[in-house]
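Please open the model in your viewer and keep the selection panel at hand. The tour below goes from stop to stop, saying what to select and what is found there.

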Amino acid sequence: MLQGKITQYTEEIDSFTTTKADELERFRIKFLGTKGIIKDIFEDFKSVSPEEKKVLGKVLNQFKQLAEQKYQSLKDQENADDTENAVSIDLTLPGEGFEIGARHPLALVRKEIVEIFSRLGFVVEEGPEIEDDWHNFSALNFPEEHPARDMQDTFFIKKGGELGDIALRTHTSSVQVRMMESGKPPFRAIMPGRVYRNEAISARAHCFFHQVEGLYVDENVSFADLKQTLFYFVQELYGEGTKVRFRPSYFPFTEPSAEMDISCTICKGAGCQMCKYSGYVEILGCGMVDPNVLENCGIDSKKYSGFAFGMGIERIANLKFEIKDLRLFSENDTRFLKQYKSSLI
Ligand code: PHE
């Protein structure tokens, strides 16, 4: 009986030739596995008579060897096939180079500005790029008919097919309003971010650019504080000895207002194309926060006063790196981008 089984399985083993991994594994489990045929046959062998054992013992061992050898030789063949099919790799070839990214010049300049103001205790505040009329204009004292609200400058957003009071922010002063509305003085923060204006794209103008605005509100803040803060900022950013000058100006949200010029960073005041031979270049707008703005944001203007300022990061980068065409900043040409390094990196 046992002899019959062995003969039958020997035939099966002999005719098995595949080297396919899954079939080979099935073969192993079937014959050599812990619950496999060989194990089974050896179990049966225990109940065979002692005379039969003498003969069958040898047959059984041969059968076991046959299964093991078959499996091993097919397995070896399978591995050999795999190696043949494998793609040959030459490990001595040099590796493929990859480029290390660089920080965007605007990000470098922004980082530097944030660094400098943080030394004076200014924190970074951020707000939404899609704003309502209140935060971008009304709270900031823009009269109803002010030309900056005009479609010329502002990208209004349609709501239900109609132009409503939602727009892309035109400056980050809107973040100052949000900050003042939701907190209590003192405030000391800068607001970096992207702003949008409806301008034709050229070397000198773009429909979006980046700003850092700043706000300081506390008791007894004066124009002297404003001047000293901005003077310090400029010395840190462009080096000691950089001169500043303030020219009276107008912004709806500050009174008095000024524009600040610095001695030209390119020619050091001698006169060049950058400063149009005046020796000075304008870098920012500033002023004392108009009491109306403080009141609009729920702050007692009799008790508190403050100053604000705002600058374009592109402009600052332009004066630092002499990048004359604004379009370069948004073209993502890596040949342009990887040229810039900052003193702070
Ligand atoms: N918000 C002004 C602008 O976008 C800049 C500014 C900020 C001027 C704060 C004065 C005070 O041009």
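## Starting inside: Phe117

Select Phe117 and show its surroundings: leaving aside neighbours within four places in sequence, Phe117 is in contact (heavy atoms within 4.5 Å) with Phe122, Ile190, Thr229, Leu230, Phe233, Phe309 and Met311. Before going further, note that this is a predicted model, in which local features need pLDDT of at least 70 and side-chain atom pairs count only at pLDDT 80 or more, while totals for chains, interfaces and linings use all residues. Residues are numbered from 1 along each chain as its sequence is written, and side-chain values use heavy atoms, with hydrogens and water left out.

Now add Phe309 and Met311 to the selection, since these two and Phe117 touch the most other members of the largest nonpolar core, which has 44 residues. A nonpolar core is here a set of buried Ala, Val, Leu, Ile, Met, Phe, Trp, Tyr and Cys residues joined through side-chain atoms within 4.5 Å, where buried means under 20% relative accessible area, exposed over 50%, and partly exposed in between, with a 1.4 Å probe and protein chains only. Among the elements that each supply at least two residues of this core are helix H5 (105-119), strand E6 (208-218), helix H8 (223-238) and strand E10 (305-312); helices (H or I, at least four residues) and strands (E, at least two) are DSSP runs, numbered from the N terminus. Apart from this core lies another, of 21 residues, including Val175, Val177, Ile299 and Ala308.

## The seven-stranded sheet

Next, colour the strands, and trace the open sheet of 7 strands in the order E1-E5-E6-E10-E9-E8-E7, whose pairing is mixed; two strands pair if DSSP finds at least two bridges between them. At its edges are strand E1 (123-124) and strand E7 (244-251), each of which pairs on one side only.

Which residue stands opposite Met288 in E10? Select Phe307 to see this partner of Met288, in a place where E9 and E10 pair in the antiparallel sense over 5 bridges. Then show helix H5, which lies across E1, strand E5 (187-196), E6 and E10 and runs at about 165 degrees to E5; axes are lines fitted to C-alpha atoms, for helices over the stretch in contact, and angles run from 0 to 180 degrees between N-to-C directions. Helix H7 (residues 173-182) also packs on the sheet, touching E5, E6 and E10, and its direction makes about 140 degrees with that of E5.

Move on to E8, which is largely enclosed by the rest of the structure, because 8 of its 10 residues are buried. E7 and E8 form a hairpin with 2 residues between them, and they run antiparallel, joined by 7 bridges; the bridge partner of Pro248 in E8 is Ala258.

## Helix H8

Select H8 and then its buried residues, which are Leu226, Thr229, Leu230, Phe233, Val234, Gln235, Leu237 and Tyr238. These buried residues pack against H5, E7, E8, E9, E10 and H10. For contrast, pick Lys227, also in helix H8, which counts as partly exposed at 41% relative accessibility. At the end of the helix, H8 is followed by Gly239, whose phi is positive, near 105 degrees.

## Charged pairs

The structure holds 17 salt bridges, a salt bridge being a side-chain nitrogen of Lys or Arg within 4 Å of a carboxyl oxygen of Asp or Glu. Select Arg119 and Glu236, whose side chains meet in a salt bridge (2.5 Å, N to O). Arg119 lies in helix H5 and Glu236 in helix H8, so this pair ties together parts that are 117 residues apart in sequence.

A further stop is the salt bridge between the side chains of Glu259 and Arg247 (3.2 Å, N to O), where Glu259 counts as buried at 18% relative accessibility, whereas Arg247 is partly exposed at 29%. Widen the selection to Arg245, Arg247, Glu259, Asp261 and Glu282, which salt bridges with shared partners join into one network.

## Last stop: the three-stranded sheet

Finally, find the open sheet of 3 strands in the order E2-E4-E3, with antiparallel pairing. Strand E2 (130-132) and strand E3 (156-159) stand at its edges, each with a single partner strand, so one side of each is left without a neighbour in the sheet. Its twist averages 50 degrees from one strand to the next.
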